[in-house]
Amino acid sequence: GLLYFAPVVYFIIFALLGTNVVKQFDFMTPAFPLILIFAKLGCFSGGCCRGVEMENGIYNVASDMFEFPSQLLEAFVALALFIFFMYYRDKAKPGTMFPLYLTLYSSIRFFTEFTRCEKDIFYGLKLYQILCLIGTVLGLIYLLIAHKFGSRMYDWFERRQVSINEEYYTACTELRNIKSAEIKEKIKQIKKRREVKKKKGRIKF
């Protein structure tokens, strides 16, 4: 979900809002491993995403077995990635944060999957390992593109955001002017009616 589904949803939202997609992904990339830390701690406490069975492992109440704490290992990896990206984000080129995370996490997760109790589905590989291989390849391709065109993409989205903001503020200003003109006109009409009533009252008196 964090590798494939969430980025697509975020991209669509950022594009619809007219924000700088490259800047937003660079900013929020450290949040992905941070979310993963709490997710894996939840897995450990709930007993899901269980590790392989071993004599000197940690007892899992859900499975009633002693297992390797793969959830804690993945939480530790996520913590290391979070610290790295918090340090690296000020030095990174525009657009390279998320593809670098995609590459690093997918490649590391490929090896940590050997500690998890999952079924092999293809030549001794688990489902998540196949997804990790795909993620690593996509991350490397995306990283090469970002290194070459990241700055241009950043500038293009920045100009687009400025243009959309200008159009938005212009439209808001025009709307405010129209509304203020309507309010002024209503106030004039109210004043005229009051003056007419006052004159009629004086004539009756």
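This passage walks through a predicted model of a single protein chain, from its overall layout to a few individual residues.

The broad layout makes a helpful starting point. Six helices and four strands make up the secondary structure of the chain. Read from the N terminus, these elements follow the order α-α-α-β-β-α-α-β-β-α. The chain has 205 residues, and 31% of them are buried. Among contacts with a separation of 6 or more, 59% join residues that lie 24 or more positions apart.

The packing of the helices comes next, beginning with α4 and α5. Helix α4 spans residues 70-88 and helix α5 spans residues 97-112; their axes come within 11 Å and cross at roughly 160 degrees. Because a crossing angle over 145 degrees counts as roughly antiparallel, α4 is described as roughly antiparallel to α5. The crossing of α4 with α5 is right-handed. On the α4 side, the residues taking part are Leu73, Glu74, Val77, Leu81, Phe84, Phe85 and Tyr88, and they meet Met97, Leu100, Tyr101, Leu104, Tyr105, Ile108, Arg109 and Thr112 of α5. Sorted by class, this contact of α4 with α5 holds 12 nonpolar residues, one polar residue and two charged residues.

Helix α5 also meets helix α3, which covers residues 31-46; the axes of α3 and α5 come within 11 Å and cross at roughly 35 degrees. Here Phe32, Pro33, Leu36 and Lys40 from α3 meet Phe98, Tyr101, Tyr105 and Arg109 from α5. The contact of α3 with α5 comprises six nonpolar and two charged residues, with no polar ones. Tyr101, Tyr105 and Arg109 of α5 are thus named in the contact with α4 and in the contact with α3.

Turning to the strands, Glu67 belongs to β2, which runs over residues 65-67. Glu67 has a relative accessible area of 3% and is therefore buried, the cut-off being under 20%. Apart from neighbours within four places in sequence, Glu67 is in contact with Arg50, Gly51, Val52, Glu53, Met54, Gly57, Ile58 and Asn60.

Further along the chain, Asp120 sits in strand β3 (residues 120-122), and Leu125 sits in strand β4 (residues 125-126). Asp120 is partly exposed, at a relative accessible area of 48%, whereas Leu125 is buried, at 18%. With neighbours within four places in sequence set aside, the contacts of Asp120 are Leu125 and Lys126. Leu125, under the same exclusion, is in contact with Phe110, Lys119, Asp120, Ile130 and Leu133. The C-alpha atoms of Leu125 and Phe114 lie 8.8 Å apart in space, with the two residues 11 apart in sequence.

The cysteines round off this tour. Cys43 is buried, with a relative accessible area of 12%. Cys132 is buried as well, with a relative accessibility of 4%. A disulfide is a covalent bond between the sulfur atoms of two cysteines. A search of the whole structure turns up zero disulfides.

Technical notes: Residues are numbered from 1 along each chain as its sequence is written. This is a predicted model: local features need pLDDT of at least 70, side-chain atom pairs count only at pLDDT 80 or more; totals for chains, interfaces and linings use all residues. Side-chain values use heavy atoms; hydrogens and water are left out. Helices (H or I, at least four residues) and strands (E, at least two) are DSSP runs, numbered from the N terminus. Buried means under 20% relative accessible area, exposed over 50%, partly exposed in between (1.4 Å probe, protein chains only). Contact means heavy atoms within 4.5 Å. A disulfide is a pair of cysteine sulfur atoms within 2.5 Å. Axes are lines fitted to C-alpha atoms, for helices over the stretch in contact, and angles run from 0 to 180 degrees between N-to-C directions. Angles under 35 degrees count as roughly parallel, over 145 as roughly antiparallel, 65 to 115 as roughly perpendicular and the rest as oblique. A crossing is left-handed if the near helix is turned anticlockwise from the far one by less than a right angle, and right-handed if clockwise. Ala, Val, Leu, Ile, Met, Phe, Trp, Tyr, Cys and Pro count as nonpolar, Asp, Glu, Lys and Arg as charged, and the others, Gly among them, as polar.
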